[in-house]
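This report is for a reader who is new to the structure shown below. A short description follows it.

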Amino acid sequence: GNIAVDKGMKAADDVYAGGDIVEFPLALIDDESVNIGHWQIACAHGRVAAESMLGIESKFNGVPFFWTQMFGKSLRYCGYAKSFDSVLIHGNVEELKFAAFYAHSGTATAVASMNMDP
């Protein structure tokens, strides 16, 4: 399981946590609790927790993203698509050069791209 934290990364009195072990409120989706194991978010959690410990009101307001490059191929993802009902493909999937836009009720919530900037 995960450790539930509030928007300031507080799990309990004088106990703060961050990174891939926590479930935290994601502002992007109206503060719904999520667990995202990306290093970018773990770094931001540390900043938010430190500010909270210092009495500064803080929360993670970023957009989750990650990227990787293997075997000469580049994969990037940005956003948060808990669910989606359509995917719009721009480019050519067979050639591994495309961007896939994930949408829910007509609103794009995330994009994944392979060897192509959207």
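## Strand 6, the sheet and the core

Gln 69 lies in strand 6, which covers residues 65–70. The model described here is predicted. Gln 69 has a relative accessible area of 60%, and because this is over 50%, the residue counts as exposed. Its C-alpha atom is separated by 19 Å from that of Ile 41, and the two residues are 28 apart along the chain.

The model also holds an open sheet of 3 strands, in the order 1-4-5, with mixed pairing. Strand 1 and strand 5 are the edge strands, each pairing on one side only. Strands of a sheet pair through backbone hydrogen bonds, either parallel or antiparallel. Strand 4 and strand 5 run antiparallel and are joined by 3 bridges. The residue ranges of these strands are listed here.

| Strand | Residues |
|---|---|
| strand 1 | 3–4 |
| strand 4 | 22–26 |
| strand 5 | 32–34 |

Leu 26 has Glu 32 of strand 5 as its bridge partner. Apart from neighbours within four places in sequence, Leu 26 is in contact with Asp 31, Glu 32, Val 34, Ile 36, Phe 60, Gly 62, Pro 64 and Tyr 80.

Leu 26 also belongs to the largest nonpolar core, which has 13 residues. Among the members that touch the most others are Leu 26, Val 5, Met 9, Val 22, Phe 24, Ile 36 and Phe 60. Two elements, strand 4 and helix 1 (39–53), give two or more residues to this core. Helix 1 gives the most, with 4 residues.

Terms used:
Residues numbered from 1 in each chain as written. Predicted model: local features only at pLDDT ≥ 70, side-chain atom pairs only at ≥ 80, totals over all residues. Heavy atoms only, no water. Pairing = 2+ DSSP bridges. Core = buried A, V, L, I, M, F, W, Y, C linked by side-chain atoms within 4.5 Å. Buried < 20%, exposed > 50% of the residue type's maximum accessible area, 1.4 Å probe, protein only. Contact = heavy atoms within 4.5 Å.
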